[in-house]
Amino acid sequence: MFLLDFDGSGWVKAVGVGVGLSALYVGSLFVVKTNKPRDHPDTMWRRMCAVSAVTAVSPLLLYVFYGKNNSSNAMTLSPTPSSLSSSGIVSLFDAIFLSPNIKHHIVAATKSLLLFAVLFVGPIIQDLSDGVWATQYRYFSSKPLEFWRNFIVGPVTEEVVFRGCITAPLMYYLQSTSGGMESYHDSYLIALIGPLYFGIAHAHHYFEGVPLIHILVQIAYTTLFGFLSAMVMIKTNSLISAIVVHSFCNWMGLPGFLSAPKHKHKYVIVPAYFIGLCLFLFAMFTKLGSDAVSSPLA
């Protein structure tokens, strides 16, 4: 069994590994850079292969930095403070995916998807009213590479690297050094640190000619999304949940905050935005972390 030992590794090492993996992920996009647009099939194919290779290598790099030969005292992660071990030792698979139980991932991913559907209930009504989903379906049906990049390869590789290989080890480090998370404030701390890598990593679009203001908005949005994605992973104890939510959010895109008040159904859509946000926040920080989800299912 490949085991990792996060006990006593230090914040500098944990943060340094995160910076290194982020740089490796983004750097791979420039290694295969072409003069063709980012949506050109050749560019997409090269980039998908590059980030897939980095995703495959990242767990091995974790083992290089944190590998432990002793197979005893392996620890399985759970965000419930009372159930944590202080050994700091965990299997490589559990360190990234957080649970070996498939049923647990299915339940957690389903609940997380429903939760984010509540958050986007306003945009969903707006998009369905305007026929956006039908248009997107026709568009991606004719461009399968873009579909794979946006909803399969992108979410899987980014979540495995930025959440599984960066955020999760930070959780283990905090738990092993403190003897368990003392409160969910520790979860929020980790959820805030990890997404900074994710948000800043999107700054590379500046070198592709994207206007700076668009880059700043994207960094802010992706950092916020990264925080929510990390919280989903922490509270459900499932990396698969974060992947599913990431793919769904890519489908939805940035909500039409400015167009909603001008929409012909604004008296339905605007309240739906507000109600969806309120219900999401309530469920996200109360119900999603319940024992029914956060503990691996038998």
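## Arg-149 and the salt-bridge network

In this predicted model, Arg-149 is buried, with a relative accessible area of 16%, a value that falls under the 20% limit used for that class. Arg-149 pairs with Asp-39 in a salt bridge whose closest N and O atoms lie 2.8 Å apart. This contact joins distant parts of the chain, since Asp-39 sits in the loop between α1 and α2 (41–66) while Arg-149 belongs to helix α7 (residues 144–178), and the two are 110 residues apart. In contrast to the buried Arg-149, Asp-39 is partly exposed, at a relative accessible area of 35%.

Asp-39 also takes part in a salt bridge with Arg-38, where the N to O distance is 3.8 Å. Arg-38 counts as partly exposed, at 39% relative accessibility. These contacts belong to a network of salt bridges that links Arg-38, Asp-39, Glu-146 and Arg-149.

## Other salt bridges

A search of the whole structure finds six salt bridges. One of them is formed by the side chains of Asp-42 and Lys-36, which meet at 3.5 Å, N to O. Both partners fall in the partly exposed class, Asp-42 at 24% relative accessibility and Lys-36 at 41%.

## A nonpolar patch on the surface

Turning from charged side chains to nonpolar ones, the surface carries a nonpolar patch of about 300 Å², made by Trp-11, Val-15, Val-19 and Leu-189. Helix α1 (residues 11–31) gives the largest share of this patch, with three residues. Val-19 is found in helix α1, and its relative accessible area of 44% makes it partly exposed. Because a residue needs over 30% relative accessible area to be part of a patch, Val-19 meets that requirement with its 44%.

## The second largest pocket

The second largest pocket holds about 410 Å³ of space. Its lining consists of 17 residues, and those closest to the centre of the pocket are Leu-119, Leu-224, Pro-255, Phe-257 and Leu-277. When the lining is sorted by class, 17 residues are nonpolar, while no polar and no charged residues are found there.

Several helices contribute to this lining, and α4 (102–119), α9 (212–236) and α11 (266–287) each supply at least two of its residues. The largest share comes from α11, which provides five residues of the lining.

## Parts of the chain brought together in space

Ala-117 lies in helix α4, a helix that also supplies residues to the lining of the second largest pocket. Ala-117 is partly exposed, with a relative accessible area of 25%. Although Ala-117 and Met-252 are 135 residues apart in sequence, their C-alpha atoms are 9.6 Å apart in space.

Another such pair is formed by Gly-67 and Ser-91, which are 24 residues apart in sequence and 9.4 Å apart in space, again from C-alpha to C-alpha. Gly-67 is found in strand β2 (residues 67–68), and with a relative accessible area of 40% this glycine is partly exposed.

## A positive phi angle at Asn-237

The backbone at Asn-237 has a phi near 60 degrees, which is a positive value in a residue other than glycine. Asn-237 is placed in the loop between α9 and α10 (239–252), where α9 is one of the helices that help to line the second largest pocket. With a relative accessible area of 1%, Asn-237 is buried, as is Arg-149 at 16%, because both values are under the 20% limit of that class.

Notes:
Residues are numbered from 1 along each chain as its sequence is written. This is a predicted model: local features need pLDDT of at least 70, side-chain atom pairs count only at pLDDT 80 or more; totals for chains, interfaces and linings use all residues. Side-chain values use heavy atoms; hydrogens and water are left out. On a 1 Å grid over the protein atoms alone, a cavity is a set of points where a 1.4 Å probe fits but cannot get out, and a pocket is an open set with protein on both sides within 12 Å along at least five of seven lines; lining residues have an atom within 4 Å of a point. Grid points are joined across faces, edges and corners, and a volume is the space filled by probe spheres set on the points. Helices (H or I, at least four residues) and strands (E, at least two) are DSSP runs, numbered from the N terminus. Ala, Val, Leu, Ile, Met, Phe, Trp, Tyr, Cys and Pro count as nonpolar, Asp, Glu, Lys and Arg as charged, and the others, Gly among them, as polar. Patches are made of residues with over 30% relative accessible area and no salt bridge: like charges are joined within 9 Å, nonpolar side chains (Val, Leu, Ile, Met, Phe, Trp, Tyr) within 5 Å. Accessible areas come from the Shrake-Rupley method with a 1.4 Å probe; for residues, only the protein chains shown count as cover. A salt bridge is a side-chain nitrogen of Lys or Arg within 4 Å of a carboxyl oxygen of Asp or Glu. Buried means under 20% relative accessible area, exposed over 50%, partly exposed in between (1.4 Å probe, protein chains only).
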